Amino acid sequence: PYFWSDQYDMKIQAYGYLRGHEEVAIVEGDLAERRFLAAYRTGDRVSGVLGVGVSPKVLRPWRQAIATRTAWSSAAD
């Protein structure tokens, strides 16, 4: 699954499954600045990613990680 939305000057993008996860980690950026990338883990795999205020290019490797069911330990380092 995928969605994106432009909310005023902020781009919001999500890939994969953001519900039913066991862990979420901010892997880039800062929540307070409203520019961040959050990765979601289900089991031992990357299951989703949420980008707020970041370039679509930043999400590309995470999309691949979700598609190939990359191990969380490899992706979230």
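**Reading the sheet and its cores**

Seven bridges join strand 3 to strand 4, and the two run antiparallel.

Trainee: What should I know before I start reading?

Mentor: This is a predicted model, where local features need pLDDT of at least 70, side-chain atom pairs count only at pLDDT 80 or more, and totals for chains, interfaces and linings use all residues. Residues are numbered from 1 along each chain as its sequence is written, and side-chain values use heavy atoms, with hydrogens and water left out.

Trainee: In what order do the five strands form the open sheet?

Mentor: Strands are DSSP runs (E, at least two residues; helices are H or I, at least four), numbered from the N terminus, and two of them pair if DSSP finds at least two bridges between them. Here the order is 1-2-5-4-3, with antiparallel pairing. Strand 1 (2-7) and strand 3 (23-30) are the edges, each pairing on one side only.

Trainee: How many residues lie between strand 3 and strand 4 in their hairpin?

Mentor: Four, and arginine 34 in that turn has a positive phi of about 60°. Within the paired strands, glutamate 28 stands opposite leucine 37 in strand 4.

Trainee: And how do I read a nonpolar core?

Mentor: Nonpolar side chains tend to be buried together in soluble globular proteins. A core is a set of buried Ala, Val, Leu, Ile, Met, Phe, Trp, Tyr and Cys residues joined through side-chain atoms within 4.5 Å; buried means under 20% relative accessible area, with a 1.4 Å probe and protein chains only. The largest one here has ten residues, including Tyr15, Leu37, Val49 and Trp62. Helix 1 gives the most to this core, three residues.

Notes. Buried means under 20% relative accessible area, exposed over 50%, partly exposed in between (1.4 Å probe, protein chains only).
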